[in-house]
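User: Walk me through the sheet in this model, then the loop residues with unusual backbone angles.

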Amino acid sequence: MGAWGKRLVAVAVAVVLLAVAVLVASAVHLLPQLRNPFAEKTEERSGPVLLQSIVELSRYEAASGSFQVIVDITTSSILPSFLVGSDTMFVGVGTDNAYVDFSGLKGDAVKVSDDRQSATITLGHAQLEPATLDVKESYVYAQQQGLFTRISDFLNGNPNSQQALYELAQKKIQEAAGKSTLVADAERNTKTMLVGLLQSLGFKNITVTYADNATG
């Protein structure tokens, strides 16, 4: 073996010895631990963290409905109806929305299994917002007024009568919304939204339930 070959062998031996020294020093914590660039990083997403994420949504506007109601108001006096009094039929058009409130969820409202495969969420029942009357779409369908009443309305405008129609129509829309499927639709839509959200986070088994005491 020539001089050049001996130098190559010496360099190779030195490199091997240096690598061994680095590994030994790392093992005894004389050097910073070597990081595996292919190592997997696991991020834990526990129940409290998931609960906080849902609470931050505040509330979910889950369903909206349009309603049309008929309001019939009759006023009368001791005088004949052709002189004093009125009979007004008013068509009220408006909307109401149903939502699920997340802001008041308690600490045990979201439960996550140890393997992060299952999650159970307990929510309060959906609620209705105050109904909104669309004044532009609402209208007087029919009206009969006594002579003196027509004159009085012409001179004074009678704004109180119009306001009474609006308030009664809004009340009837609220009642109609309460008897409709709006609340049930809101709860179903909220459940669908949450199931899709948790599935995107890797959960396999998701249960969403509603209870009266879910918020506090």
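What follows is a short set of questions and answers.

Analyst: This is a predicted model, where local features need pLDDT of at least 70, side-chain atom pairs count only at pLDDT 80 or more, and totals for chains, interfaces and linings use all residues. Residues are numbered from 1 along each chain as its sequence is written, and side-chain values use heavy atoms, without hydrogens and water.

User: In what order do the 3 strands of the open sheet lie?
Analyst: Strands are DSSP runs of E, at least two residues, and helices runs of H or I, at least four, numbered from the N terminus. Two strands pair if DSSP finds at least two bridges between them. The pairing here is mixed, and the order is β3-β4-β8.

User: Why is one side of β3 and of β8 left without a neighbour in the sheet?
Analyst: β3 (110-112) and β8 (205-210) stand at the edges, so each has a single partner strand.

User: Which residue of β8 is the bridge partner of alanine 119?
Analyst: Strand β4 (residues 118-123) pairs with β8 in the parallel sense over 6 bridges. The partner of alanine 119 is isoleucine 206.

User: What angle does helix α5 make with β8?
Analyst: Helix α5 (residues 182-200) packs on the sheet and touches β4 and β8 (contact: heavy atoms within 4.5 Å). Axes are lines fitted to C-alpha atoms, for helices over the stretch in contact, and angles run from 0 to 180 degrees between N-to-C directions. The angle is about 150 degrees.

User: Is serine 58 buried or exposed?
Analyst: Serine 58 is found in the loop between α2 (47-55) and β1 (59-75). Its phi is positive, about 70 degrees, although serine 58 is not a glycine. Buried means under 20% relative accessible area, exposed over 50%, partly exposed in between (1.4 Å probe, protein chains only). At 38%, serine 58 is partly exposed.
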